[in-house]
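Here's a quick tour of the ligand and metal sites in this model. Have the structure open while you read.

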Amino acid sequence: MVKTTVSLIKADVGSLAGHTVVPEPLFKVARKKMAEAKEAGLINSFYVFNAGDDLELLMTHFKGESSEEIHALAWDTFTAAADKAKKLKLYGAGQDLLVDAFSGNVRGMGPGVAEMEFEERRSDPMVIYAADKTEPAAYNYLLYKIFADPFNTAGLVIDPRMVSGYKFEVFDAYESKSVVLKTPEESYSLIALLGTTERYMVSKIWRASDDEIAATASTTKLALIAGTYVGKDDPVCMVRGQSGFPAMGEITAPFLHTYLVAGWMRGSHWGPFMPVGLKNSMCTMFDGPPRIVALGVQISDGKLASDDDGKPMIADIFEDLAFDLARREALDLASHLRRMGEFEPARLGPGAMEYTTLPQVLKSLESRFKKV
Ligand code: 13P
Ligand code: 13P
Ligand code: MG
Ligand code: MG
(Lines give C-alpha, C1' and ligand atoms only; values in the text may rest on other atoms or scores of the structure.)
(Ligands and ions follow the chains in the order given, each with its own letter.)
Protein backbone atom coordinates (compact mmCIF):
# COMPACT_ATOMS: atom_id res chain seq x y z
CA MET A 1 0.00 0.00 0.00
CA VAL A 2 1.25 3.50 -0.81
CA LYS A 3 2.42 5.36 2.26
CA THR A 4 1.34 8.88 3.15
CA THR A 5 3.85 11.48 4.35
CA VAL A 6 2.92 14.39 6.59
CA SER A 7 5.46 17.23 6.54
CA LEU A 8 5.38 20.24 8.82
CA ILE A 9 8.05 22.76 7.86
CA LYS A 10 8.31 26.21 9.46
CA ALA A 11 10.35 29.38 9.42
CA ASP A 12 10.23 32.89 10.77
CA VAL A 13 10.44 34.91 7.55
CA GLY A 14 9.41 38.25 9.04
CA SER A 15 6.64 39.47 11.24
CA LEU A 16 4.36 42.31 12.21
CA ALA A 17 5.22 44.62 15.10
CA GLY A 18 8.56 43.10 16.10
CA HIS A 19 8.34 39.38 16.78
CA THR A 20 4.57 39.38 17.39
CA VAL A 21 2.64 37.70 14.60
CA VAL A 22 2.63 36.62 10.93
CA PRO A 23 0.44 39.13 9.03
CA GLU A 24 -2.07 38.27 6.30
CA PRO A 25 0.06 39.27 3.24
CA LEU A 26 2.62 36.56 4.13
CA PHE A 27 -0.12 33.93 4.54
CA LYS A 28 -1.38 34.94 1.12
CA VAL A 29 1.99 34.36 -0.53
CA ALA A 30 2.34 30.99 1.21
CA ARG A 31 -1.17 29.80 0.39
CA LYS A 32 -0.66 30.71 -3.27
CA LYS A 33 2.60 28.71 -3.48
CA MET A 34 0.98 25.76 -1.71
CA ALA A 35 -2.12 25.88 -3.95
CA GLU A 36 0.10 25.87 -7.06
CA ALA A 37 2.02 22.85 -5.74
CA LYS A 38 -1.25 21.06 -5.06
CA GLU A 39 -2.49 21.90 -8.56
CA ALA A 40 0.77 20.50 -9.98
CA GLY A 41 0.24 17.27 -8.04
CA LEU A 42 3.35 17.66 -5.86
CA ILE A 43 1.37 17.76 -2.61
CA ASN A 44 -2.08 16.33 -1.93
CA SER A 45 -3.28 18.87 0.64
CA PHE A 46 -1.97 21.68 2.83
CA TYR A 47 -2.81 23.99 5.69
CA VAL A 48 -0.95 27.24 6.28
CA PHE A 49 -1.03 28.70 9.79
CA ASN A 50 1.17 30.52 12.29
CA ALA A 51 2.69 30.05 15.70
CA GLY A 52 3.26 33.66 16.72
CA ASP A 53 5.76 35.07 14.21
CA ASP A 54 6.53 31.68 12.64
CA LEU A 55 4.98 30.63 9.33
CA GLU A 56 3.92 26.98 9.38
CA LEU A 57 3.42 24.83 6.28
CA LEU A 58 1.54 21.61 6.95
CA MET A 59 1.56 19.38 3.85
CA THR A 60 0.58 15.83 2.95
CA HIS A 61 2.09 13.98 -0.03
CA PHE A 62 3.45 10.67 -1.34
CA LYS A 63 7.10 11.73 -1.70
CA GLY A 64 8.43 10.35 1.60
CA GLU A 65 10.48 12.07 4.32
CA SER A 66 13.32 14.43 3.34
CA SER A 67 12.02 14.66 -0.24
CA GLU A 68 14.09 17.22 -2.14
CA GLU A 69 11.00 18.36 -4.07
CA ILE A 70 8.98 18.99 -0.91
CA HIS A 71 11.84 20.73 0.86
CA ALA A 72 12.48 22.87 -2.24
CA LEU A 73 8.80 23.82 -2.25
CA ALA A 74 9.00 24.87 1.42
CA TRP A 75 12.20 26.85 0.82
CA ASP A 76 10.72 28.52 -2.25
CA THR A 77 7.59 29.42 -0.28
CA PHE A 78 9.63 30.86 2.59
CA THR A 79 11.84 32.94 0.29
CA ALA A 80 8.78 34.31 -1.54
CA ALA A 81 7.15 35.23 1.80
CA ALA A 82 10.47 36.73 3.02
CA ASP A 83 10.64 38.86 -0.15
CA LYS A 84 7.14 40.14 0.61
CA ALA A 85 8.20 40.82 4.21
CA LYS A 86 11.23 42.77 2.96
CA LYS A 87 9.04 44.87 0.66
CA LEU A 88 6.74 45.68 3.57
CA LYS A 89 9.80 46.35 5.81
CA LEU A 90 8.39 43.87 8.32
CA TYR A 91 10.55 42.95 11.27
CA GLY A 92 13.25 40.29 10.90
CA ALA A 93 12.43 39.67 7.22
CA GLY A 94 14.08 36.39 6.23
CA GLN A 95 15.18 35.80 9.84
CA ASP A 96 15.36 31.98 9.82
CA LEU A 97 16.67 31.55 6.27
CA LEU A 98 20.31 31.22 7.25
CA VAL A 99 21.77 30.44 3.82
CA ASP A 100 21.41 32.09 0.42
CA ALA A 101 20.55 29.08 -1.70
CA PHE A 102 18.66 25.83 -1.21
CA SER A 103 20.77 22.68 -1.36
CA GLY A 104 18.60 19.59 -1.23
CA ASN A 105 17.15 19.59 2.29
CA VAL A 106 16.06 22.48 4.53
CA ARG A 107 17.53 20.75 7.61
CA GLY A 108 20.56 22.74 8.71
CA MET A 109 19.48 25.78 6.68
CA GLY A 110 17.32 27.38 9.39
CA PRO A 111 13.74 26.11 8.99
CA GLY A 112 12.34 23.57 11.48
CA VAL A 113 11.10 20.23 10.15
CA ALA A 114 8.92 17.41 11.49
CA GLU A 115 7.95 14.67 9.05
CA MET A 116 6.56 11.18 9.22
CA GLU A 117 5.65 8.58 6.63
CA PHE A 118 3.19 5.79 7.45
CA GLU A 119 0.68 3.38 6.05
CA GLU A 120 -2.73 4.83 6.88
CA ARG A 121 -4.87 2.98 9.37
CA ARG A 122 -8.65 2.71 9.09
CA SER A 123 -8.71 6.18 10.66
CA ASP A 124 -5.64 8.30 11.44
CA PRO A 125 -6.05 11.19 13.89
CA MET A 126 -3.04 13.41 14.68
CA VAL A 127 -2.16 16.38 16.82
CA ILE A 128 0.03 18.98 15.13
CA TYR A 129 1.94 21.08 17.67
CA ALA A 130 3.66 24.37 16.83
CA ALA A 131 5.30 26.72 19.32
CA ASP A 132 6.75 30.23 19.39
CA LYS A 133 9.46 31.79 21.60
CA THR A 134 11.05 28.53 22.69
CA GLU A 135 13.42 25.70 21.76
CA PRO A 136 12.91 22.07 20.59
CA ALA A 137 13.46 20.64 24.08
CA ALA A 138 10.22 22.39 25.11
CA TYR A 139 8.61 19.15 23.90
CA ASN A 140 10.71 16.91 26.19
CA TYR A 141 8.39 17.15 29.17
CA LEU A 142 5.28 17.00 26.97
CA LEU A 143 6.34 13.90 25.04
CA TYR A 144 7.51 12.14 28.19
CA LYS A 145 4.10 12.77 29.79
CA ILE A 146 2.20 11.56 26.71
CA PHE A 147 4.20 8.41 25.98
CA ALA A 148 5.77 7.39 29.28
CA ASP A 149 3.76 8.72 32.23
CA PRO A 150 0.90 6.42 33.28
CA PHE A 151 -0.50 9.23 35.45
CA ASN A 152 -1.10 11.18 32.24
CA THR A 153 -1.84 8.42 29.74
CA ALA A 154 -4.35 5.85 30.94
CA GLY A 155 -3.68 3.70 27.87
CA LEU A 156 -0.20 2.83 29.16
CA VAL A 157 -1.99 0.97 31.95
CA ILE A 158 -5.28 -0.24 30.47
CA ASP A 159 -4.75 -0.64 26.70
CA PRO A 160 -3.11 -4.00 25.83
CA ARG A 161 -1.64 -2.47 22.65
CA MET A 162 0.25 0.14 24.70
CA VAL A 163 1.47 -1.66 27.83
CA SER A 164 4.74 -2.73 26.17
CA GLY A 165 5.68 0.97 26.00
CA TYR A 166 7.47 3.21 23.49
CA LYS A 167 10.97 3.86 22.17
CA PHE A 168 12.35 7.41 22.32
CA GLU A 169 15.09 8.67 20.01
CA VAL A 170 16.99 11.38 21.90
CA PHE A 171 19.17 13.82 19.96
CA ASP A 172 22.29 15.36 21.50
CA ALA A 173 22.44 18.82 19.92
CA TYR A 174 26.00 19.50 21.14
CA GLU A 175 27.54 16.43 19.54
CA SER A 176 25.01 15.70 16.76
CA LYS A 177 24.41 12.11 17.81
CA SER A 178 21.38 10.22 19.06
CA VAL A 179 20.41 7.30 21.26
CA VAL A 180 17.23 5.20 21.50
CA LEU A 181 15.80 4.40 24.96
CA LYS A 182 12.85 2.11 25.69
CA THR A 183 10.16 2.87 28.24
CA PRO A 184 9.04 1.83 30.78
CA GLU A 185 12.30 -0.10 31.43
CA GLU A 186 14.63 2.85 30.83
CA SER A 187 12.34 5.70 31.84
CA TYR A 188 14.64 6.97 34.61
CA SER A 189 17.60 7.10 32.22
CA LEU A 190 15.37 8.80 29.69
CA ILE A 191 14.49 11.52 32.22
CA ALA A 192 18.20 11.84 33.07
CA LEU A 193 18.75 12.92 29.46
CA LEU A 194 15.53 14.80 28.71
CA GLY A 195 15.80 16.86 31.90
CA THR A 196 18.91 18.50 30.41
CA THR A 197 16.89 20.62 28.02
CA GLU A 198 19.79 22.75 26.81
CA ARG A 199 21.39 19.73 25.16
CA TYR A 200 18.98 16.82 24.64
CA MET A 201 15.69 16.66 22.78
CA VAL A 202 13.28 14.02 21.54
CA SER A 203 13.43 13.54 17.76
CA LYS A 204 11.23 10.45 17.21
CA ILE A 205 9.04 8.01 19.14
CA TRP A 206 7.94 4.52 18.04
CA ARG A 207 5.51 2.03 19.58
CA ALA A 208 7.76 -0.67 21.06
CA SER A 209 5.59 -3.66 20.08
CA ASP A 210 5.85 -3.09 16.31
CA ASP A 211 8.16 -0.07 15.79
CA GLU A 212 5.27 1.91 14.28
CA ILE A 213 6.06 5.65 14.16
CA ALA A 214 4.14 7.53 16.87
CA ALA A 215 5.63 11.04 17.08
CA THR A 216 8.33 13.27 15.68
CA ALA A 217 9.66 16.72 16.55
CA SER A 218 12.01 19.26 14.98
CA THR A 219 15.52 19.50 16.42
CA THR A 220 16.85 22.64 14.74
CA LYS A 221 18.84 24.86 17.13
CA LEU A 222 19.38 28.08 15.20
CA ALA A 223 22.12 29.39 17.49
CA LEU A 224 24.19 26.22 16.98
CA ILE A 225 23.90 26.56 13.19
CA ALA A 226 24.55 30.30 13.07
CA GLY A 227 26.97 30.39 16.03
CA THR A 228 25.10 33.41 17.32
CA TYR A 229 21.58 34.38 18.38
CA VAL A 230 19.25 34.87 15.42
CA GLY A 231 15.90 34.21 17.10
CA LYS A 232 14.53 31.17 18.87
CA ASP A 233 13.99 27.82 17.18
CA ASP A 234 10.21 27.76 17.69
CA PRO A 235 9.83 24.01 17.18
CA VAL A 236 7.14 21.82 15.67
CA CYS A 237 5.98 18.34 16.64
CA MET A 238 3.38 15.84 15.47
CA VAL A 239 1.79 12.99 17.38
CA ARG A 240 -0.42 10.15 16.08
CA GLY A 241 -3.46 9.35 18.17
CA GLN A 242 -5.90 6.56 19.06
CA SER A 243 -6.06 2.81 18.33
CA GLY A 244 -2.81 1.74 19.99
CA PHE A 245 -1.41 5.25 20.31
CA PRO A 246 -2.32 7.70 23.09
CA ALA A 247 -5.89 9.00 22.77
CA MET A 248 -6.27 12.58 21.53
CA GLY A 249 -7.22 13.61 25.08
CA GLU A 250 -4.08 11.95 26.48
CA ILE A 251 -1.96 13.84 23.96
CA THR A 252 -3.27 17.19 25.16
CA ALA A 253 -3.84 16.33 28.87
CA PRO A 254 -0.36 17.58 29.94
CA PHE A 255 -1.69 21.07 29.21
CA LEU A 256 -4.07 20.94 32.13
CA HIS A 257 -1.09 22.79 33.63
CA THR A 258 1.66 25.01 32.35
CA TYR A 259 5.39 24.26 32.63
CA LEU A 260 8.52 26.31 32.12
CA VAL A 261 10.46 26.42 28.85
CA ALA A 262 13.51 28.38 27.66
CA GLY A 263 13.01 31.27 25.25
CA TRP A 264 10.66 34.23 25.71
CA MET A 265 12.21 37.72 25.49
CA ARG A 266 15.40 37.71 23.37
CA GLY A 267 15.48 33.92 23.72
CA SER A 268 17.07 34.47 27.12
CA HIS A 269 14.48 33.68 29.79
CA TRP A 270 12.52 30.87 31.38
CA GLY A 271 8.87 31.35 30.65
CA PRO A 272 5.60 29.48 31.24
CA PHE A 273 4.41 27.56 28.17
CA MET A 274 0.90 28.85 27.39
CA PRO A 275 -1.51 26.76 25.27
CA VAL A 276 -3.61 28.98 22.98
CA GLY A 277 -6.08 28.76 20.11
CA LEU A 278 -5.07 30.09 16.70
CA LYS A 279 -6.68 33.47 17.32
CA ASN A 280 -4.36 33.99 20.30
CA SER A 281 -1.31 32.63 18.49
CA MET A 282 0.74 35.80 18.89
CA CYS A 283 3.48 36.78 21.32
CA THR A 284 2.96 40.07 23.09
CA MET A 285 3.84 40.58 26.75
CA PHE A 286 7.66 40.46 27.15
CA ASP A 287 7.50 38.87 23.67
CA GLY A 288 5.41 36.02 25.02
CA PRO A 289 4.71 34.16 27.12
CA PRO A 290 5.99 31.27 24.97
CA ARG A 291 2.92 29.85 23.24
CA ILE A 292 1.83 26.59 21.73
CA VAL A 293 -1.06 25.71 19.43
CA ALA A 294 -2.46 22.19 18.90
CA LEU A 295 -4.31 21.37 15.70
CA GLY A 296 -6.31 18.15 15.59
CA VAL A 297 -6.47 16.66 12.08
CA GLN A 298 -7.35 13.40 10.35
CA ILE A 299 -5.14 11.95 7.62
CA SER A 300 -7.34 10.40 4.98
CA ASP A 301 -6.32 8.89 1.60
CA GLY A 302 -3.11 10.91 1.48
CA LYS A 303 -4.81 14.15 2.46
CA LEU A 304 -5.85 16.20 5.43
CA ALA A 305 -9.51 15.20 5.74
CA SER A 306 -11.43 18.08 4.15
CA ASP A 307 -14.97 19.41 4.00
CA ASP A 308 -17.20 19.43 0.92
CA ASP A 309 -15.46 22.57 -0.38
CA GLY A 310 -12.06 20.90 -0.13
CA LYS A 311 -11.04 22.89 2.94
CA PRO A 312 -9.02 20.91 5.55
CA MET A 313 -10.96 20.35 8.75
CA ILE A 314 -8.95 21.58 11.72
CA ALA A 315 -9.84 21.15 15.40
CA ASP A 316 -8.26 24.17 17.13
CA ILE A 317 -7.81 22.20 20.36
CA PHE A 318 -6.31 24.78 22.74
CA GLU A 319 -9.10 27.24 21.88
CA ASP A 320 -11.21 25.16 24.25
CA LEU A 321 -11.94 26.48 27.74
CA ALA A 322 -10.54 23.24 29.25
CA PHE A 323 -7.12 24.92 28.87
CA ASP A 324 -8.10 28.08 30.76
CA LEU A 325 -6.49 26.80 33.97
CA ALA A 326 -3.11 26.36 32.24
CA ARG A 327 -3.43 29.86 30.78
CA ARG A 328 -4.19 31.34 34.19
CA GLU A 329 -1.30 29.44 35.76
CA ALA A 330 0.97 30.62 32.95
CA LEU A 331 0.11 34.28 33.50
CA ASP A 332 0.50 33.89 37.25
CA LEU A 333 3.92 32.31 36.83
CA ALA A 334 4.85 34.95 34.24
CA SER A 335 4.14 37.69 36.76
CA HIS A 336 6.32 35.99 39.42
CA LEU A 337 9.21 35.50 37.02
CA ARG A 338 9.08 39.01 35.58
CA ARG A 339 9.39 40.51 39.03
CA MET A 340 12.90 39.02 39.09
CA GLY A 341 14.03 40.92 36.00
CA GLU A 342 17.46 39.81 34.81
CA PHE A 343 18.30 37.78 37.91
CA GLU A 344 18.66 34.01 37.51
CA PRO A 345 16.69 31.80 37.44
CA ALA A 346 14.34 34.15 35.55
CA ARG A 347 17.13 34.66 33.04
CA LEU A 348 18.74 31.58 31.45
CA GLY A 349 22.05 30.26 32.79
CA PRO A 350 25.46 31.18 31.36
CA GLY A 351 25.62 28.25 28.89
CA ALA A 352 22.49 29.34 27.03
CA MET A 353 23.37 33.04 27.35
CA GLU A 354 26.63 32.45 25.46
CA TYR A 355 24.64 32.67 22.24
CA THR A 356 23.01 36.01 23.06
CA THR A 357 24.25 39.58 23.11
CA LEU A 358 25.12 39.38 26.84
CA PRO A 359 28.77 38.31 26.25
CA GLN A 360 29.36 41.59 24.33
CA VAL A 361 28.19 43.55 27.35
CA LEU A 362 30.38 41.50 29.70
CA LYS A 363 33.38 41.84 27.38
CA SER A 364 33.25 45.61 27.60
CA LEU A 365 33.75 45.31 31.38
CA GLU A 366 36.69 42.89 31.19
CA SER A 367 39.48 45.49 31.25
CA ARG A 368 38.07 47.08 34.38
CA PHE A 369 38.40 43.96 36.54
CA LYS A 370 41.35 44.11 39.01
CA LYS A 371 43.03 40.94 40.21
CA VAL A 372 42.38 40.21 43.92
P1 13P B 1 16.85 44.19 18.25
O2 13P B 1 15.86 45.10 18.87
O3 13P B 1 18.25 44.71 18.27
O4 13P B 1 16.45 43.69 16.91
O5 13P B 1 16.96 42.84 19.15
C6 13P B 1 16.00 42.46 20.02
C7 13P B 1 15.37 41.23 19.56
O8 13P B 1 14.20 41.21 19.28
C9 13P B 1 16.22 40.04 19.44
O10 13P B 1 15.69 39.12 18.55
P1 13P C 1 11.54 34.78 17.52
O2 13P C 1 12.51 33.65 17.66
O3 13P C 1 10.13 34.31 17.66
O4 13P C 1 11.79 35.51 16.25
O5 13P C 1 11.77 35.76 18.72
C6 13P C 1 12.98 36.39 18.85
C7 13P C 1 13.11 37.21 20.07
O8 13P C 1 14.22 37.53 20.41
C9 13P C 1 11.93 37.64 20.82
O10 13P C 1 12.27 38.45 21.89
MG1 MG D 1 10.93 36.65 14.91
MG1 MG E 1 9.19 32.92 16.50
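## Ligand and metal sites

In this predicted model, an N or O atom in the side chain of His19 sits 2.9 Å from an oxygen atom of ligand 1. Taken alone, ligand 1 exposes 300 Å², and the protein buries 53% of that. His19 has company around ligand 1: Tyr91, Tyr229 and Arg266 surround the ligand too. Sort that shell by character and you get 2 nonpolar residues, 1 polar and 1 charged.

Now for the metals. The magnesium ion (ligand 4) is held at 2.0 Å by the OD atoms of Asp53, Asp54, Asp132 and Asp234. Along the chain, the donors of this ion follow the spacing D-D-x77-D-x101-D. Of these donors, Asp53 and Asp234 come from distant parts of the chain, 181 residues apart. Asp53 also does double duty: it bridges the magnesium ion (ligand 4) and the magnesium ion (ligand 3), and the two ions lie 4.4 Å apart.

Here are Asp53 and Asp234 next to each other:

| Residue | Loop it sits in | Relative accessible area |
|---|---|---|
| Asp53 | between β2 (45–51) and β3 (54–61) | 1% |
| Asp234 | between α6 (222–226) and β10 (236–240) | 2% |

Are these two buried or exposed? Asp53 counts as buried because its relative accessibility is 1%, under the 20% cut-off. Asp234 is buried as well, because its relative accessible area of 2% is also under 20%.

How values were computed
Residues numbered from 1 in each chain as written. Chains lettered and ligands numbered in written order. Predicted model: local features only at pLDDT ≥ 70, side-chain atom pairs only at ≥ 80, totals over all residues. Heavy atoms only, no water. Near = heavy atom within 4 Å. Polar contact = N/O pair within 3.5 Å; in protein donor to acceptor, adjacent residues only side chain to side chain. Areas by Shrake-Rupley, 256 points an atom, 1.4 Å probe, with all protein chains shown as cover. Nonpolar A, V, L, I, M, F, W, Y, C, P; charged D, E, K, R; others polar. Donors = N, O, S within 2.8 Å, 3.2 Å for Na, K, Ca; no water. Helix = DSSP H or I, 4+ residues; strand = E, 2+ residues; numbered from the N terminus. Buried < 20%, exposed > 50% of the residue type's maximum accessible area, 1.4 Å probe, protein only.
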